[in-house]
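Trainee: I would like to learn how to read a model like this one, feature by feature.
Mentor: Then we take the features in turn.

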Amino acid sequence: GSIYDLPMQPYPQFHSTSEKKLLGITIPANTSARESLKRALDAIHAHPNVGPFIGAQLIQRLVTSNPSSAYVSRVAAAFANNGQGARGDMKAVIRAVLLDPEARSAAFAAQAQNGKLREPILRYGQFLRTFAVKADSGRYQIWNLEDPLSSIGQNPLRSPSVFNWYRPDYSPPGALSQARVRAPEFQITHETTATGYTNFMLHAAERTTTRFKATLGGNASEFFATDYTAERALADQPDKLLDRLNLLLLSGQMSPALRTQLLRAINAVPLNSADDRFKRVSTAVGLIMVSPAYVVQK
């Protein structure tokens, strides 16, 4: 049977019992493997670089690819001390990341270098949550999302290296690298994945159910049902439909130009049947999900 889901464990016969020195500490000879690991991790945890390193990575994943040094410093300070003398309190760190002025201010969001490209799996994940997509088996078995041509180019828990899908300092060739701006998620964004994501997302948006070949149970299929109930009720009121989708998907940041384009697309769908209601909603959802305004999180 598989043992990949079991915790790692030390094997004394493969552990060196000699003295070890790292990061300014000495682990004496004949210290057990488990105790040696504990002391090593404690030393790493206490290192002054850890707070800024983890803080900057969390800011990049959650808020913006190019935080200011002051923003990173404020988050690192929360890592060093949660306000009650404790180091490494991740609740305090995440609170500092999400409540910082650079994360909350509309003025910061409006700056050209602010924001981040959403990872494809986060885009699809938001679609699943926003429209209450349910798996018929309750197991949510989705397989092979990393195919760059027929899927979104990224599969949960299957990054190609221990360094994740992209480097935190990556900057794509062209305008961004010339401006010395980091954009990590662009390392998996190119002509193929952009086309693959668009095809996949439009396909998902325009179907009441999506079929995936299940990973567990041979050739069994997993069906996912999308719930557009609230949106379909607004299909005959395009402005109200867009108000709702603006809130759910774009954080209220839909531009007048995008709204005009979406209204044109929605109104181009005749409203003669219940199926037309669905088509109006799926058209709006699909176009928003593939728009630059959505793909770039501000």
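The dialogue below goes from the whole chain to single residues.

Trainee: What should I know before starting?
Mentor: This is a predicted model, in which local features need pLDDT of at least 70, side-chain atom pairs count only at pLDDT 80 or more, and totals for chains, interfaces and linings use all residues. Residues are numbered from 1 along each chain as its sequence is written, and side-chain values use heavy atoms, with hydrogens and water left out.

Trainee: How many helices and strands does the chain have?
Mentor: Helices (H or I, at least four residues) and strands (E, at least two) are DSSP runs, numbered from the N terminus. The chain has 14 helices and seven strands. Its C-alpha trace spans about 80 × 50 × 40 Å along the principal axes.

Trainee: What share of the 298 residues is buried?
Mentor: Buried means under 20% relative accessible area, exposed over 50%, and partly exposed in between (1.4 Å probe, protein chains only). Here 35% of the 298 residues are buried.

Trainee: How are two packed helices described?
Mentor: By the angle between their axes and the distance between the axes. Axes are lines fitted to C-alpha atoms, for helices over the stretch in contact, with angles from 0 to 180 degrees between N-to-C directions. For helix α7 (residues 120–130) and helix α9 (residues 191–205), the axes come within 12 Å and cross at roughly 5 degrees. The two helices are therefore roughly parallel to each other; angles under 35 degrees count as such, over 145 as roughly antiparallel, 65 to 115 as roughly perpendicular and the rest as oblique.

Trainee: Which residues of α7 and α9 make the contact?
Mentor: Contact means heavy atoms within 4.5 Å. R123, Y124 and F127 of α7 meet Y197, F200, M201, A204 and A205 of α9.

Trainee: Which residues touch the most other members of the largest nonpolar core?
Mentor: A nonpolar core is a set of buried Ala, Val, Leu, Ile, Met, Phe, Trp, Tyr and Cys residues joined through side-chain atoms within 4.5 Å. The largest has 37 residues, and Y124, F127 and V285 touch the most other members. Elements giving two or more residues to this core include α7, α9 and α13 (274–289), and α13 gives the most, with six. Setting aside neighbours within four places in sequence, Y124 contacts I142, L145, I152, F200, M201, A204 and F212.

Trainee: Is F278, in helix α13, buried or exposed?
Mentor: F278 has 7% relative accessibility and so counts as buried. Beyond four places in sequence, the contacts of F278 are A205, E206, R207, T208, Y228 and R232. S282 is also found in α13 and is buried, with a relative accessible area of 8%. On the same reckoning, S282 is in contact with A205, E206 and Y228.

Trainee: How do the side chains along strand β6 point?
Mentor: In β6 (residues 221–225) they alternate: E222 and F224 point to one face and are buried, whereas S221, F223 and A225 point to the other and are not. Strands pair if DSSP finds at least two bridges between them. Two bridges join β6 to strand β4 (residues 134–135), and the strands run antiparallel. K134 has A225 as its bridge partner in β6.

Trainee: What sign does phi have in most residues other than glycine?
Mentor: It is negative in most of them. A132 is not a glycine, yet has a positive phi of about 45 degrees. A132 is found in the loop between α7 and β4 and is partly exposed, at a relative accessible area of 32%. N164 is another residue other than glycine with a positive phi, near 75 degrees. N164 lies in the loop between β4 and α8 (175–178).
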